[in-house]
Amino acid sequence: MAAEDLVERRSIDVVPDDERHGTAFSQFTLWLGANLQITAVVTGALAVVFGGDVVWSVVGLLLGNLLGGAVMALHSAQGPKLGLPQMIQSRAQFGVRGAVVPLLLVILMYVGFFASGSVLAGQATARLTHTDDTTGIIAFALITAVAAAVGYRVIHVLGRVASVVCALAFVYLGIRLLDRVDLSALLGDARFDLPMFLLAVSLSASWQLAFGPYVADYSRYLPRTTSGRATFWWTLSGSAVGSQWSMTFGVLVAASSGEAFLADQVGYVVGLGGTGLIASFLYFSIALGKLTINVLNTYGGFMSMVTGISGFRGQRTLSQRGRAAYIALIMVAGTAVALLGKDSFLTSFKDFLLFLLTFFTPWSAINLVDYYLISRERYDIPALFDPRGRYGAWRWDALLVYGVGVLAQLPFLVTHFYTGPLAAPLGGADISWIVGLAVPAALYWLLARRDTSHIPEETRYTLASGPAH
């Protein structure tokens with residue numbers, strides 16, 4: 001393949017049929033590789049660190065991965081049908097310019113996940129290269145930016161490689177861990193505690209739901225004839241299997257290690273495997289797993305920035321220089337946050353995950369209700385780029401529902417810096433994400449079904465889409 005074919009030309013413009021390729025199985029390897037990684041291990045460990053037992057933490061995490069994973073996989077199924085990145089579809093619900101509201105929060109999410117991933121990957125990179133954490137974080141960020149600049153093809157190659165390498169690493173680490181712990185004692189100490197169980201569900205559900213703004217970015221190059229059902233199931237299975245595998249390992253590590261894991265997550269996990277070449281392989285596996293997901297963060301972040309700005313500038317394509325500038329912005333912002341927050345990672349990350357969830361569940365609910373129930377998979381793609389078109393510049397009904405969806409969760413929210421008044425009657429359980437899905441879904445369905453005049457009879461693809469210039 002020529003270098004010019006490897007470097008992606010598309011950004012927020014629709015992918016034409018003659019550039020589409022691959023099968024739905026590519027979503028399995030991408031999302032398996034993206035979830036077999038150290039941050040997912042830490043997420044699972046949090047269920048125990050904050051008071052849960054092994055058995056019910058694993059069950060709660062599984063339930064959250066399946067429920068949240070199903071929502072994110074429904075977003076993935078939109079990609080082959082429309083050939084568009086995920087967040088530009090939000091213009092059909094919020095308006096060409098109104099979509100900037102969820103987009104600003106999505107960009108914050110990408111920067112935050114880039115930062116949290118860089119902290120752990122930087123530790124692994126530093127130990128692999130015998131430097132300090134700051135140098136490791138910066139080096140990792142630069143490698144991430146280069147991979148994101150190349151684009152779609154290298155992202156899927158990374159996913160395939162990481163799914164194999166990281167699976168081997170986790171199998172080996174799992175065997176070593178089981179040699180060290182008394183599994184029967186851990187499993188025998190089951191004690192159901194509703195708030196802790198719901199915390200586990202919320203941790204994994206938020207992990208999956210936060211992928212909602214990503215997923216169609218990586219399924220949009222699939223042929224338009226690709227089955228939506230196949231895309232859904234391959235995405236769900238890759239993401240749920242990878243995350244549950246990592247999170248279960250995290251639960252067992254946290255339950256058996258005490259303070260040792262909390263003090264040095266990367267060092268402790270690698271220490272389970274051994275020293276020398278084995279330790280180097282494990283550090284490499286950790287860095288590779290984080291590289292896969294951080295490339296997704298950088299790539300999605302730059303496209304979300306382009307989507308938000310182009311709604312006001314009328315931009316449809318992007319030069320390679322412009323692409324590099326957006327990617328550099330995401331990288332610099334994420335690296336700065338990583339360097340500032342690297343010493344208080346664990347508590348900050350848990351609060352970051354749960355707080356983000358309050359902003360993305362309403363967006364997911366509105367997007368999915370509109371696509372599957374109101375528009376019934378029929379969008380006018382050229383109108384998504386025209387603020388004077390059928391979707392308008394601002395759709396205040398959707399923005400109002402979004403605001404209500406965010407606010408409706410606050411009484412149920414439980415974080416380190418804020419706890420809602422209705423959390424205590426529930427024993428401190430966090431059910432805000434359930435409210436954040438149900439309330440805006442019902443409200444948007446009631447409002448949007450009253451006027452469907454903006455919905456085309458069938459999806460229109462007649463958007464001029466030549467090479468970027």
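Student: How many of the 11 residues of α2 are buried?
Tutor: This is a predicted model, where local features need pLDDT of at least 70, side-chain atom pairs count only at pLDDT 80 or more, and totals for chains, interfaces and linings use all residues. Residues are numbered from 1 along each chain as its sequence is written, and side-chain values use heavy atoms, with hydrogens and water left out. Helices are DSSP runs (H or I, at least four residues; strands are E, at least two), numbered from the N terminus, and buried means under 20% relative accessible area, exposed over 50%, partly exposed in between (1.4 Å probe, protein chains only). By that rule α2 is mostly covered, and its buried residues number 10.

Student: Which elements cover the buried residues of α2?
Tutor: The residues to be covered include F28, L30, W31 and L32. Contact here means heavy atoms within 4.5 Å. The cover includes α3 (38-49), α4 (54-76), α9, α11, α12 and α15.

Student: Which element gives the most to the largest nonpolar core?
Tutor: A nonpolar core is a set of buried Ala, Val, Leu, Ile, Met, Phe, Trp, Tyr and Cys residues joined through side-chain atoms within 4.5 Å. The largest has 124 residues, and W31, M109, Y214, F249 and L296 have the most contacts inside it. With 15 residues, the top contributor is α15.

Student: What does Y214 touch beyond its neighbours within four places in sequence?
Tutor: Y214 is one of the residues with the most contacts inside the largest core. Its partners in that core's most-contacted group include W31, M109 and L296. The full set of contacts is W31, Q86, M109, Y110, F113, I293, L296 and N297.

Student: How many residues are in the second, separate core?
Tutor: Among its members are V71, V201, A205 and L437. The size of this second core is 11 residues.

Student: How many residues apart in sequence are the parts tied together by D17 and R224?
Tutor: A salt bridge is a side-chain nitrogen of Lys or Arg within 4 Å of a carboxyl oxygen of Asp or Glu, and D17 and R224 meet in one at 3.0 Å, N to O. D17 is partly exposed at 46% relative accessibility, and R224 is partly exposed at 33%. D17 lies in the loop between α1 (3-6) and α2 (25-35) and R224 in the loop between α11 (194-209) and α12 (228-257), so the separation they bridge is 207 residues.

Student: In the salt bridge of R460 with D380, which residue is buried?
Tutor: Their closest N and O atoms are 2.9 Å apart. R460 lies in the segment after α19 (432-448) and D380 in the loop between α17 (345-374) and α18 (396-409), so the pair ties together parts 80 residues apart in sequence. R460 has a relative accessible area of 36%, which means it is partly exposed. At 3% relative accessibility, the buried residue is D380.

Student: Which elements give two or more residues to the nonpolar surface patch?
Tutor: Patches are made of residues with over 30% relative accessible area and no salt bridge: like charges are joined within 9 Å, nonpolar side chains (Val, Leu, Ile, Met, Phe, Trp, Tyr) within 5 Å. L128, V164, L168, F281 and F284 form this one, with about 440 Å² of accessible area together (Shrake-Rupley method, 1.4 Å probe; for residues, only the protein chains shown count as cover). One member, V164, sits in helix α9 and is partly exposed at 49%. The elements that give two or more residues are α9 (152-180) and α15 (276-313).
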